[in-house]
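Got the model open in your viewer? Here is a short tour, stop by stop, with something to select at each one.

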Amino acid sequence: MLKIKNLHAKVDGKTILKGINLNVKPGEVHAIMGPNGSGKSTLASVMAGHEDYEITKGSISLEGEDLSDMDAELRSHKGIFLSFQYPVEIPGVSVTNFIKTAINATRKAKGLQDMPANEMLKKIREKAALFEIDSKFLSRSLNEGFSGGEKKRNEIFQMAMFDPKLAILDETDSGLDIDALKTVANGVNKFINKENAVVVITHYQRLLEYIVPDFVHVILDGKTVKSGSKELAMELELKGYDWIKEMV
Amino acid sequence: MEFQEKLLASHIAFEEQIDYNDPVHKTRIKALEVFEKKGFPSRKDEAWKYTSLNALISKDYALFPKSETPIELKKVKKFFLYEIDTYKIVFIDGVYSPFLSDTTHDGLDICLMSAALSKYKYRRIIDSYFGSVAKIDDSLTALNTSYTREGAYIYIPKDIVSEKPIEIIHFSTGKEKSIWLQPRNLIVLDNNSQAQIIERHQSLKPHDVVTNSVTEIFVNKEALLDYYKIQNDLNTSSLIDNTYLLQEKNSTASIHTFSLGGKIVRNNLNFHHSGQRINSTLKGVTILNGEEHIDHYTLVNHSQPNCESFQEYKGIFSDKSKGIFNGKIFVEGLAQKTNAFQQSNNLLLDDMATVNAKPQLEIFADDVKCSHGCTVGQLDKEALFYLRSRGVPKDDAKALLTYAFANNILNGVQLPVVKKRIKSLIANKLGVNLGFDL
């Protein structure tokens with residue numbers, strides 16, 4: 001589904017990614033781990049199509065389609081979803097209205113009519129129930145005054161609404177207490193099926209106890225240096241990243 | 001003949017059309033002398049540094065509309081708050097339109113300046129208030145004063161709450177290719193009274209229209225005024241709005257200015273205090289594009305202790321549009337315990353758009369809380385990326401963020417129907433259809 005080959009990317013003239021390789025198939029959960037500053041969040045931004053990042057070498061494709069020159073909105077229409085580490089606050093636009101706008105923008109891009117209001121409402125209610133989100137929350141301004149946990153829960157709720165092919169979760173666990181973490185992980189687990197895939201970017205192994213990955217990749221200095229099964233995450237938790245640095 | 005000369009020379013003809021025995025004629029003559037001496041302001045005047053009137057005053061304008069040009073209600077309905085019942089004072093090319101208006105004398109006076117000047121029963125109010133807060137040595141105010149004839153006259157007596165909002169609308173039809181309008185409004189809220197007022201100037205087709213308006217507003221003890229200026233005119237129309245308020249003790253006055261169009265718009269907004277525990281609010285949203293130009297020139301003069309003022313202006317400028325915010329807070333030595341806040345935040349969406357923001361604080365009291373802040377920035381790239389990554393196209397994403405930027409000003413709008421109208425004007429101005437009502 002997602003193929004990344006020897007990906008190099010720079011921002012503000014500085015090369016951050018220096019050789020990323022990743023091959024994600026439908027139904028798989030991949031974890032990307034690495035110390036601070038290794039390029040994890042940059043990789044997330046590059047996958048989702050942030051304008052400031054320039055791909056200088058290598059390739060990235062979704063279902064065989066080259067993504068490198070594709071705008072962020074187009075990637076979203078193709079089925080990529082990025083759950084942000086720091087979701088943006090939009091005063092005056094409710095969660096519901098934002099989701100409506102985004103879903104209908106995608107439908108329009110695909111040549112479809114707007115989703116009928118009652119159908120939209122039904123879907124929102126259904127997914128909200130799944131994530132234990134009450135209706136007051138839906139009429140609040142998007143992310144404005146949300147706690148860290150509410151923001152992340154809202155991201156995962158949006159993910160469920162958009163039903164992407166590939167979901168990238170960037171540090172979704174940061175700033176969450178254990179209960180919020182469980183709710184969010186539970187949402188992700190309900191989302192995963194045979195048709196879609198999830199890439200979990202995280203600093204700690206903690207989240208991976210709840211969202212169990214099929215593969216774990218380690219990034220150091222912008223390169224994927226080691227891949228393995230979920231046991232690799234346990235090993236990192238115990239030993240830290242230094243032993244891999246020495247190995248490399 | 002230069003237009004300035006014409007204005008001076010035409011005054012004799014003007015006098016023939018009015019009753020020069022009315023109570024304000026001496027003021028007119030005095031004002032004409034001021035204008036004759038001062039002329040139009042130029043960019044040499046500090047207050048007009050960023051706004052030149054040359055492009056306007058180098059043209060010729062009709063001064064006296066010949067007759068009323070009837071317009072059909074259905075063609076202008078959208079400019080009214082038609083969803084609710086309101087009082088209306090409507091002018092077409094400067095001439096009162098009884099057909100479109102809905103005035104009253106039932107417990108409160110919502111009528112015309114010309115009527116108030118000609119009838120004896122209004123004499124006491126005219127004598128007490130007319131020309132008493134407007135700054136006669138300001139040349140444009142003087143020019144307007146010298147040609148005082150028509151405008152809105154609103155008097156809300158003691159303890160009366162105007163149950164309906166009051167709309168003041170000036171249409172210009174383009175029947176005269178170029179026209180210079182000078183409405184003169186007097187609004188008095190007597191002790192413990194309340195009113196909501198909406199003011200609009202609207203051209204019905206592109207033509208050169210310049211409106212030099214003066215509005216005097218008196219908000220007496222314990223009174224409450226809520227005023228909205230909707231400036232969404234065509235980009236061939238210019239407006240010089242001179243508004244002066246005098247508030248008495250325990251009164252609350254708020255003026256929201258929504259500037260969404262016009263060729264050159266200058267808002268001279270002046271608040272004066274006479275009494276303690278006064279609350280003044282000046283807020284605005286400006287969204288301009290093309291070569292539109294706005295100049296907000298505000299003054300809050302704190303002369304009394306224990307008063308508060310809040311100013312917050314948000315500006316969004318695209319293309320080659322230009323914005324100026326000059327906000328002056330003056331705190332006199334007597335005005336201890338003043339709380340004065342001023343904020344001007346601006347977004348520049350294009351390289352050629354400009355903003356000049358100039359806060360001015362002059363404080364002569366030592367126990368006050370005063371703050372001011374100005375920002376000029378661009379849309380947050382990360383925020384834009386966030387929206388686009390959710391499938392929202394770039395232009396819509398920009399519009400959403402722009403709307404979000406201006407949103408907190410809308411929260412202060414008390415009349416739901418006005419809020420709705422402003423939101424749709426903003427969506428229109430931003431050129432987006434977001435699939436829901438903002």
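Start with chain B and colour its two domains: the centres of domain 1 and domain 2 of chain B, taken over C-alpha atoms, are 31 Å apart. Keep in mind as you go that this is a predicted model. To colour them, select 3–274 for domain 1 and 379–438 for domain 2, as the domain assignment of chain B has it.

Now look at where these two domains meet. Twelve residues of domain 1 of chain B are in contact with eleven residues of domain 2 of chain B. On the domain 1 side, select β8 (194–203), β10 (224–232) and β12 (252–261) of chain B, the elements that each give two or more residues to that side. What kinds of residue does domain 1 of chain B bring to its side of the contact with domain 2 of chain B? Seven are nonpolar, three polar and two charged.

Stay on chain B and select three strands: β16 (308–317), β18 (339–348) and β20 (369–377). β16(B) and β18(B) pair in the parallel sense, over ten bridges. To see one position in this pairing, show Phe310(B), whose bridge partner in β18(B) is Phe341(B). β18(B) is also joined to β20(B), again running parallel, by nine bridges. Here, pick Asn346(B) and find its bridge partner in β20(B), Val376(B).

Next, bring chain A into view together with chain B. Between the chains, 26 residues of chain A are in contact with 21 residues of chain B. On chain A, select α2 (72–78), β7 (90–94) and α3 (95–109), which each give two or more residues to the side that touches chain B. Which element gives the most to that side of chain A? It is α3(A), with seven residues. Coloured by class, the side of chain A that touches chain B has eleven nonpolar, ten polar and five charged residues.

Keep α3(A) selected and add α6 (148–162) of chain A. Two packed helices are described by the angle between their axes and the distance between the axes. For α3(A) and α6(A), the angle is about 35 degrees and the axes are 11 Å apart; the crossing is right-handed. Turn on side chains for Val95(A), Ile99(A) and Ile103(A) of α3(A), then for Asn154(A), Gln158(A), Met161(A) and Phe162(A) of α6(A), and you have the residues that make the contact. By class, five of them are nonpolar, two are polar and none is charged.

Then move to the open sheet of chain A, where four strands run in the order β2-β1-β4-β5 with antiparallel pairing. Its edge strands are β2 (14–24) and β5 (65–66) of chain A, each pairing on one side only. In between, select β1 (2–11) and β4 (53–62) of chain A, which are joined by eight bridges and run antiparallel. One place to zoom in is Ala9(A), which stands opposite Ile55(A) in β4(A).

Last stop: two loop residues of chain A. Asn143(A) is in the loop between β8 (141–142) and α6 (148–162), and has a positive phi of about 65 degrees although it is not a glycine. Is Asn143(A) buried or exposed? It counts as buried because 21 other C-beta atoms lie within 10 Å, where the cut-off is 20 or more.

Glu171(A) is in the loop between β9 (166–170) and α7 (178–191) of chain A. Glu171(A) has a positive phi too, about 50 degrees, and is not a glycine. Glu171(A) is buried, with 21 other C-beta atoms within 10 Å.

Methods
Residues numbered from 1 in each chain as written. Chains lettered and ligands numbered in written order. Predicted model: local features only at pLDDT ≥ 70, side-chain atom pairs only at ≥ 80, totals over all residues. Contact = placed C-beta atoms within 7 Å. Nonpolar A, V, L, I, M, F, W, Y, C, P; charged D, E, K, R; others polar. Buried ≥ 20, exposed ≤ 12 C-beta atoms within 10 Å, placed from the backbone. Domains from an automatic or database assignment. Axes fitted to C-alpha atoms, helices over the stretch in contact; angles between N-to-C directions. Left-handed = near helix turned anticlockwise from the far one by under 90°. Pairing = 2+ DSSP bridges.
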